[in-house]
Amino acid sequence: MTSNVESDVSALRRILVVDDSSLVRLYYRAALEKAGFAVEQAINGLEAMEKCLAQRFDLVIVDVNMPRMDGLSFLRALRGSAAEIASLPALMISTEAGQQDRDDARAAGANFYLVKPVSEADLLSHVALLAGAP
């Protein structure tokens, strides 16, 4: 028998935050959890891919520049993977602000591209658009 707390937790919209900066992950996590989302974290694209293959997420928020596997490589791998996760919405957030950076992100499979720093309001409005309300 499942308790109400367990069923409430499993019903939350699940977001995977992928960034090598612990401060950025903390900022996103605090804002998202306050808004009612369940949040998991990964420090690079390789760890994120492993988590996406093992768990269900409603959205991935990903940085571009990370060690081991960068965000663009992660998105290309995600889009080329099994059908269940290939269509996972992706919000890319980076310090890279050029048009070519935006174009590269879209070509890799990002649904939206934001430039850091991102306000809590902008973060939550894009997350709600891509993942729905918690």
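Is Pro117 buried or exposed? At 78% relative accessibility, Pro117 counts as exposed. The cut-off for that label is over 50%. Please keep in mind that this is a predicted model.

Let me stay with Pro117 for a moment. Pro117 sits in the loop that runs from strand S5, residues 112–115, to helix H7, residues 120–131. The peptide bond leading into this proline, from Lys116 to Pro117, is cis, with omega near 0°. As background, most peptide bonds are trans. Pro117 and Val24 are 93 residues apart along the chain, and their C-alpha atoms are separated by 9.4 Å.

Now the overall frame. UniProt, in an unreviewed entry, places the feature "domain: Response regulatory" at residues 14–131. Within that span, 49% is helix and 19% is strand. The C-alpha atoms at the two ends of the span lie 8 Å apart.

Next, the annotated site. Which residue does UniProt list for "modified residue: 4-aspartylphosphate"? The residue is Asp63, and again the entry is unreviewed. Asp63 belongs to the loop between strand S3, residues 59–62, and helix H4, residues 71–79. With 6% relative accessibility, Asp63 counts as buried, because the limit for buried is under 20%. Setting aside neighbours within four places in sequence, Asp63 is in contact with Val18, Asp19 and Asp20, with Gly71, with Met92, Ile93 and Ser94, and with Lys116. Lys116 is the residue on the other side of the cis bond to Pro117.

The loop between S3 and H4 also holds Arg68. Arg68 is exposed, with a relative accessible area of 71%. So one loop position is exposed, Arg68, and another is buried, Asp63. Phi of Arg68 is near 70°, which is a positive value in a residue other than glycine. For context, most residues other than glycine have a negative phi.

Arg68 leads us to Asn44, since Arg68 is among the contacts of Asn44. Asn44 lies in the loop between strand S2, residues 38–42, and helix H3, residues 45–54. Its relative accessibility is 4%, so Asn44 counts as buried. Leaving aside neighbours within four places in sequence, the contacts of Asn44 are Val18, Met66, Pro67, Arg68 and Met69. Val18 also appears in the contact list of Asp63. A polar atom of the Asn44 side chain lies 2.8 Å from the backbone nitrogen of Glu47.

Last, two helix pairs. How do H3 and H4 pack? Their angle is about 25°, with the axes 9 Å apart. That makes H3 roughly parallel to H4, because angles under 35 degrees count that way. The crossing of this pair is right-handed. On the H3 side, the residues that meet H4 are Gly45, Ala48, Met49 and Cys52; on the H4 side they are Phe74, Ala77 and Leu78.

The other pair is H2, residues 22–34, with H7. Here the angle is about 60° and the axes are 10 Å apart. H2 is therefore oblique to H7. H2 passes H7 in a right-handed crossing. Tyr27, Tyr28, Ala31, Leu32 and Lys34 in H2 meet Glu120, Leu123, Leu124 and Val127 in H7. H7 is also the helix that follows the loop with Pro117, which brings us back to the opening residue.

Key. Residues are numbered from 1 along each chain as its sequence is written. This is a predicted model: local features need pLDDT of at least 70, side-chain atom pairs count only at pLDDT 80 or more; totals for chains, interfaces and linings use all residues. Side-chain values use heavy atoms; hydrogens and water are left out. UniProt positions are given in the numbering used here, feature names are shortened, and annotations may be inferred rather than shown by experiment. Helices (H or I, at least four residues) and strands (E, at least two) are DSSP runs, numbered from the N terminus. Buried means under 20% relative accessible area, exposed over 50%, partly exposed in between (1.4 Å probe, protein chains only). A polar contact is a pair of N or O atoms within 3.5 Å; within protein, one must be able to donate a hydrogen and the other to accept it, and residues adjacent in sequence count only if both atoms are side-chain atoms. Contact means heavy atoms within 4.5 Å. Axes are lines fitted to C-alpha atoms, for helices over the stretch in contact, and angles run from 0 to 180 degrees between N-to-C directions. Angles under 35 degrees count as roughly parallel, over 145 as roughly antiparallel, 65 to 115 as roughly perpendicular and the rest as oblique. A crossing is left-handed if the near helix is turned anticlockwise from the far one by less than a right angle, and right-handed if clockwise.
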